[in-house]
Amino acid sequence: MPTILEEYIAKHPGSAQRYAEAVGIFPSGVTHDNRYAEPFPLYITHGQGPRKWDVDGNEYIDYVSGHGALILGHSHPAIADAVSEQIRRGTHLGACTDDEVRWAKAVQALMPSIERIRFHSSGTEATLMAMRLARAYTGKNKVIKLQDHFHGWHDYAMAGSDRPAPGIPADSFETMVIVPSGDLEAVEAALERDPDIAALILEPTGAHYGQLPFDVPNYLRGLRELTAKHSAVLIFDEVVTGFRASSGGAQVRYGVTPDLTTMAKIVAGALPGGAVGGKADIVDMIAHRGDPDWDNNRRVYHPGTFNGNPLTAVAGATCLEIIASQPINQQADAMAARLKTGLNDIFGRMEVQGHAHGIASMIHVVLDDCDCDREICTMPHGQIKRATASPAVTAFKRGLLNQGVDIMGRDAFLVSATHTEADIDQTLQAVEDSLAAVREEGLV
Ligand SMILES: Cc1ncc(COP(=O)(O)O)c(C=O)c1O
């Protein structure tokens, strides 16, 4: 019997060939660090609904879901039509458009906290702007960030991760205050110790869209109180959870309203785009006031060639209008629940140490036992991180690819409204087969 690695190499000669060329062109042969994979990543040609195909003709049930962007699956016909039509009408009109207003209203209809909004080209830009707006609004300099929470790759966002940070001036990190995730007392102490805190930013369901969760409702309520008491801006980074944790994001699901929200991915209908929205007073730090001193010296400047660009505007508006008018979240959540139950059954049945947890359509697998409620995992974050870094996880992920299932990163299934019961059941069979292969190699 071939090993998992041998099978992977045998099934994907076209990808291997392309990668051999790409390593001479891109650093490590890839255009996104998360796509780096040994011995080579896969080259995908197209996607439809919950499925995608590689250059060797292999078919995959896709849970990468466009890094979370594809709650409507690949190439949703309404979005494909809207974007195709817009391409013929112009991709950049160098002007304001009806569609940017329509898009903004679609965001507001789902997320009532968005009194004002500005569009960007990515989630990284959105979190950079949210921090800047908070500093400008409060006149303070520092931002509290939670350990491991991901807010893109700009200098400030890189603080408090396990990654090295060459190229980032130490001065940038000195404006970031890192606290352990989920610890309200640590936040309170930081706010009391330092009067220069402008904001606190977090992924509201825990780092990596809930891979490392905390007692979400109580923690969010606590943060809301503490930031209000210390006049710090509370920023929910809903780049992944937005329109996925519920149709109105984590803030609507848990009934906790941030001052600012950052968005990307689903908000942009799976095209490149992002947004910062929230309290008018704060977002209006960008607004002109007709006062030369304000307008020229104190206003927050916000250009951006592709802000609110017509293609993203029609895709984003179409996507959000569908979410508002159809049971998209209910469908994705129901399929995710079926998947989660099936995964936990498999771990039990095969007596493999492991479990699946998560909320809404974001399911995480941990190759370690836990007696959590399978919604919000209570395992210490260090233990989850260690389990996820194990060679068994690499083999499991590769095994899943051999079986025709692609997951996000090393642990996550991001489910769309196009995944069907048959897709989930086929996925569960693939999980079982992959785990059996991993066991065969003595890794679990
Ligand atoms: C929570 C969160 N914030 C920000 C970002 C950065 O977004 P982008 O990749 O569009 O720059 C991501 C990307 O995955 C994210 O998950």
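In β13, D406 is the residue that stands opposite D62, and this pairing offers a way into a structure that, it should be said at the outset, is a predicted model. The contact belongs to a parallel arrangement, in which two bridges join β3 to strand β13, residues 405–406.

From β3 one can move to its other partner, since strand β3 (residues 59–62) also pairs with strand β2 (residues 51–54), here in the antiparallel sense and over three bridges. Within this pairing, K52 is found opposite Y60 in β3. The two strands, β2 and β3, make up a hairpin in which four residues lie between them, and the turn contains G57, whose phi is positive at about 85 degrees. Strand β3 is thus described by two pairings, an antiparallel one with β2 and a parallel one with β13.

Ahead of this hairpin in the numbering, the backbone has a feature of another kind: the peptide bond that leads from E38 to P39 is cis, its omega being near 0 degrees. P39 itself is placed in the loop between α2 (13–22) and β1 (44–48).

Positive phi values also occur in residues other than glycine, and E351 is one of these, with phi near 50 degrees. This residue lies in the loop that runs between α14 (328–350) and β11 (355–359). Is E351 buried or exposed? E351 counts as exposed because it has 8 C-beta neighbours inside 10 Å, where the limit for that class is 12 or fewer.

R374 is a further residue other than glycine with a positive phi, in this case near 70 degrees, and its place is in the loop between β12 (362–366) and α15 (381–388). For R374 the count is 18 C-beta neighbours inside 10 Å, and therefore this residue is classed as partly exposed, the buried class beginning at 20.

There remains the surroundings of the ligand, around which 14 residues are found. Which of them come nearest? They are S122, G123, T124, G152 and V239. Considered by element, helix α5 (residues 123–138) supplies the largest share of the shell around the ligand, namely three residues. Considered by class, the shell around the ligand is made up of eight polar residues, four nonpolar residues and two charged residues.

Methods:
Residues are numbered from 1 along each chain as its sequence is written. This is a predicted model: local features need pLDDT of at least 70, side-chain atom pairs count only at pLDDT 80 or more; totals for chains, interfaces and linings use all residues. A residue is near a molecule or strand if its C-beta atom, placed from the backbone, lies within 6 Å of it. Ala, Val, Leu, Ile, Met, Phe, Trp, Tyr, Cys and Pro count as nonpolar, Asp, Glu, Lys and Arg as charged, and the others, Gly among them, as polar. Two strands pair if DSSP finds at least two bridges between them.
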